[in-house]
Every structure is written in structure tokens, then in C-alpha cells.
Amino acid sequence: MYFIVGLGNPGLQYENTRHNVGFLTIDYLAEKHNINVKKLKHKALYGQGEISDQKVMLIKPQTYMNNSGESVRDFKNFYKFDDDKLIVILDDIDIDFGKIRIKKKGSAGTHNGMKSIIYQTQTDKFPRIKISVGQKPEYMDLANFVLSGFNGKDVDIVREEIIMAADAIEMMLETNIDKAMNKYNSIDLLENNDK
């Protein structure tokens with residue numbers, strides 16, 4: 001079984017903010033594959049089902065972003081799964097808007113949710129999908145930026161990024177992460193929209 005964790009903050013005030021694209025991707029996958037993410041365990045909402053003929057658990061930690069690792073640690077301790085069976089979906093301010101980035105492992109960078117997961121599980125050797133949420137304007141504090149919503153055309157771009165991230169997960173489960181990286185890491189939605 002694969003454990004697919006989308007990062008975000010619980011609560012209506014955070015629902016459509018930049019920091020919640022992980023949650024939004026889980027919601028999209030859940031709807032597409034008819035998985036009910038309503039059960040509560042290990043400090044998370046979760047649901048079990050199948051994607052690309054693989055058993056999956058879709059997980060939305062309810063600890064608030066900075067403590068996401070507590071929930072992931074509890075799932076890992078309970079189910080005893082290997083690192084490569086964990087896939088984390090998160091927002092990223094460092095990649096160009098209109099892109100997603102799939103990585104097999106790596107550091108947390110500036111992302112507090114990812115820092116928490118690496119700290120609590122004592123490993124960074126798990127796949128993750130980063131969804132660009134745009135670059136922070138000079139005048140804005142980072143926390144305020146990631147907790148802000150999208151406007152105008154940005155909404156459509158982010159929606160496309162979420163669909164792309166979901167497609168990438170389906171390919172990872174059907175074939176392997178290398179194929180997904182080769183296909184999706186090179187797509188630039190803004191480039192395609194400009195044509």
C-alpha cells in the first residue's frame with residue numbers, strides 16, 4: 001500500500017490558500033477515484049482505496065502544517081511501511097509558477113511541514129511532489145504569502161498543476177517514479193498557455 005500525504009492546514013480560513021495545495025490535490029484524487037477521506041486516525045483525515053491498481057491511503061494531517069510530521073510518524077509506526085511507499089504533496093515557492101517538481105528524496109528546504117516530516121520520521125528518502133504556488137513578492141512576509149489565496153488567472157494555473165500532480169501520482173503507481181519525473185518535471189503550463 002502507498003501512503004499519499006497532502007500537506008495543508010485544517011479549517012475553512014485556510015481552505016484555498018497557497019499552503020493548502022497538498023490538501024487540494026488529495027481532494028482531487030479522492031473525488032476522481034471515489035475514495036472517502038473522512039476517517040480520523042493518527043491526527044489525520046484519511047481514506048483507503050485504489051489508484052492505478054495499487055492500494056492507497058490518502059492522508060490529510062490535521063495537526064497544522066508545522067507539525068505534519070507527527071501524523072506521518074504515527075502512520076509509519078503503525079503500518080511499518082518502507083520509505084518509498086510514502087509520497088508527500090506540498091506547496092513550493094522556489095519553482096517557477098506553472099510547474100510541478102517530482103523528487104525521489106531530499107532536504108526540506110524552507111518548508112516547515114517537510115522539516116517536521118523529516119524530523120519525526122528521521123529520513124528524507126521518500127518521494128515528494130512539489131506544486132508551485134508562485135514567487136513571494138518583495139514586500140510580503142513569507143508566512144502571509146503562503147497563507148494568502150490565489151486570484152485571477154492564477155486559480156486556473158494552480159488547478160492545472162493539481163491535476164498534473166494527480167496524473168503524476170497515477171503514473172508513479174502504474175509504472176515508476178522515473179517515468180513520472182521524465183514526463184512531468186519538464187512541463188511548463190505557462191509556456192503552453194502563452195501559445
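**Strand 4 and the cores**

I began with strands 3 and 4: strand 3 (residues 44-51) pairs with strand 4 in the antiparallel sense, over 8 bridges. I am working from a predicted model.

I then looked at the turn. Strands 3 and 4 form a hairpin, with 2 residues between them. Ser52 sits in that turn and has a positive phi of about 50 degrees. I also looked up Ala44, and its bridge partner in strand 4 is Pro61.

Next I checked the other pairing. Strand 1 (residues 2-6) pairs with strand 4 in the parallel sense, over 4 bridges. Here I found Phe3 opposite Met57 of strand 4.

Is strand 4 mostly covered or mostly open? I found it mostly covered: strand 4 spans residues 54-61, and 6 of its 8 residues are buried.

I turned to the nonpolar cores. In general, nonpolar side chains in soluble globular proteins tend to be buried together. The largest core here has 37 residues. Which of them touch the most other members? I noted Ile4, Val56, Leu58, Ile100, Ile102, Ile129 and Leu173. Helix 5 (residues 153-174) gives this core its largest share, 10 residues. I also noted a second, separate core of 19 residues, with Ala44, Met65, Phe75 and Ile118 among them. Ala44 is the residue I had already paired with Pro61.

Last, I listed the contacts of Ile129, leaving aside neighbours within four places in sequence. Ile129 is in contact with Val88, Ile89 and Leu90. Its contacts also include Ile100, Arg101 and Ile102. I added Ala165, Ala168, Ile169 and Met172 to complete the entry.

Terms used:
Residues are numbered from 1 along each chain as its sequence is written. This is a predicted model: local features need pLDDT of at least 70, side-chain atom pairs count only at pLDDT 80 or more; totals for chains, interfaces and linings use all residues. Side-chain values use heavy atoms; hydrogens and water are left out. Buried means under 20% relative accessible area, exposed over 50%, partly exposed in between (1.4 Å probe, protein chains only). Two strands pair if DSSP finds at least two bridges between them. A nonpolar core is a set of buried Ala, Val, Leu, Ile, Met, Phe, Trp, Tyr and Cys residues joined through side-chain atoms within 4.5 Å. Contact means heavy atoms within 4.5 Å.
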